[in-house]
Amino acid sequence: MDSTTLPVLERIAAALERLSPPAPSLAGLEAADAFIWHPGLGRLTPVAHVAHVDMGLLQGIDRQRKLLLDNTLHFAAGLPANNAMLWGARGMGKSSLVKAAHAQANLVGGKPASPGKGRLVLVEIQREDLSTLPDLLALLRESPRRFIVFCDDLSFEREDADYKALKSVLDGGIAGRPQNVLFYATSNRRHLMPREMIENESATAINTSEATEEKVSLSDRFGLWIGFHNCAQDTFMAMVRAYAKERALPITDADLVRQANAWSLGRGGRSGRVAFQFIEDLSAELSAKG
């Protein structure tokens, strides 16, 4: 090897090292109680402030709230707890409930714990990164902290690698699910896959019962399965009134009801999301009027 070849090889080796993904790291875990998983970077990015709604403002979902909060508090206390799937109507507080339960579990004397001192860490993973879930769990297994890994708006168009990765994690595999990790997910679909896909594959299968069971089996692997349903008028108004009271909006109840109903008609439906969006608009309008 001549003297000119070695520097070239060293530059090539350095370039390849820069291109290779970094080894996963838990560095900075003590800085916060919420993170976003970035598999390409091999690390968790801290979230200084989780945008959550106070638990008391989540109206019309009392049963769902109790189920998830009890499960979350049990896990925070080191007790047995279940992976949870929150499914059903859009805008009815599924993801808000997960974030509110995390915040509630990290209260100390009625106040939020200092950053990095909470009993639970919330880790958000994107739907497209689910294939890296085993890597994330292997990393979290090494930590003394307790984690809720959260995937919002989970669904699958086919039984792809992400589907199989999640199924494997929920089953536990040989290593088993880490004792310090729970998986929470939300979905608008009860069985995570489009109904027509389940029906089409069942129609072409030799054993239609087994084909259907295979497609719904993923959702069955969540120990806690919580349904959210469409919003009735009285529930919608309870949501609107709770938000208006929390913000101390200067408006009569009659005007609040009239404007909220007009807003929901314009949006073509009622939900917790619609109620919040209405209050945001009303708050700005009242502030502008001085």
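Here are some numbered notes on this predicted model, going from the sheet to the helices and then to the charged pairs.

1. **The sheet.** A good place to start is the open sheet, which is built from seven strands in the order E2-E1-E6-E7-E8-E3-E9, with mixed pairing. Its edges are strand E2 (43-46) and strand E9 (224-228), each of which pairs on one side only. If you look at neighbouring strands, they are turned against each other by 25° on average, direction ignored.

2. **Two pairings within it.** Strand E7 (residues 146-151) runs parallel to strand E8 (residues 181-187), and five bridges join the two. To find your way there, pick Phe-150, whose bridge partner in E8 is Tyr-184. E1 and E2, by contrast, pair in the antiparallel sense over four bridges, and here Ile-36 has Thr-45 of E2 as its bridge partner. The hairpin of E1 and E2 has four residues between the strands, and Gly-42 in this hairpin takes a positive phi near 70°.

3. **Helices on the sheet.** Helix H3 (residues 94-105) lies across strand E3 (84-88), strand E6 (120-124), E7, E8 and E9, and runs at about 150° to E6. Helix H4 (residues 133-140) also packs on the sheet, where it touches strand E1 (34-38), E2, E6, E7 and E8. The direction of H4 makes about 165° with that of E7.

4. **The buried side of H4.** The buried residues of H4 are Leu-133, Leu-136, Leu-137, Leu-139 and Leu-140. They cover an arc of only 160° around the axis, so they sit on the same side of H4.

5. **Helix H2, length and faces.** You may like a quick geometry check on helix H2 (residues 62-76): at 1.5 Å a residue, its 15 residues should span 21 Å, and the end C-alpha atoms are 21 Å apart, which agrees. Its buried residues are Gln-64, Arg-65, Leu-68, Leu-69, Asn-71, Thr-72, Phe-75 and Ala-76. These cover an arc of only 160° around the axis, and therefore lie on the same side of H2. The face turned away from that buried side carries the exposed residues Arg-63 and Lys-66. As for partners, the buried residues of H2 pack against E3, H3, E6, E7, E8 and E9. Just after the helix, Gly-78 takes a positive phi of about 85°.

6. **Arg-146, a residue to inspect.** Is Arg-146 buried or exposed? With a relative accessibility of 19%, Arg-146 counts as buried, because the cut-off for that class is under 20%. Arg-146 belongs to strand E7. Leaving aside neighbours within four places in sequence, its contacts include Phe-75, Ala-76, Gly-78 and Leu-79, as well as Arg-119, Leu-120, Val-121, Gln-179 and Asn-180. Ala-76 is 70 residues away from Arg-146 in sequence, yet their C-alpha atoms are 7.1 Å apart in space.

7. **A salt bridge along H2.** The model has seven salt bridges. Side chains of opposite charge can pair when their charged atoms come close. One of the salt bridges joins Asp-70 and Lys-66, at 2.6 Å from N to O. What separates Asp-70 and Lys-66 along helix H2? The two are four residues apart, and so about one helical turn lies between them. Asp-70 is partly exposed, with a relative accessible area of 27%, while Lys-66 is exposed, at 53%.

8. **Salt bridges between distant parts of the chain.** Arg-241 and Asp-253 meet through their side chains at 2.7 Å, N to O, in a salt bridge. Arg-241 is in helix H8 (residues 233-246) and Asp-253 is in helix H9 (residues 253-267), twelve residues apart. Arg-241 counts as partly exposed at 36% relative accessibility, and Asp-253 is partly exposed with a relative accessible area of 40%. Another salt bridge links Arg-247 and Glu-280, at 2.6 Å from N to O. Here the partners are 33 residues apart: Arg-247 is in the loop between H8 and H9, and Glu-280 is in helix H10 (residues 272-289). At 29% relative accessibility Arg-247 counts as partly exposed, and Glu-280 is partly exposed with a relative accessible area of 38%.

Definitions and conventions: Residues numbered from 1 in each chain as written. Predicted model: local features only at pLDDT ≥ 70, side-chain atom pairs only at ≥ 80, totals over all residues. Heavy atoms only, no water. Pairing = 2+ DSSP bridges. Axes fitted to C-alpha atoms, helices over the stretch in contact; angles between N-to-C directions. Contact = heavy atoms within 4.5 Å. Expected span 1.5 Å × (residues − 1). Buried < 20%, exposed > 50% of the residue type's maximum accessible area, 1.4 Å probe, protein only. Arc of directions from axis to C-beta. Salt bridge = Lys/Arg side-chain N within 4 Å of Asp/Glu carboxyl O.
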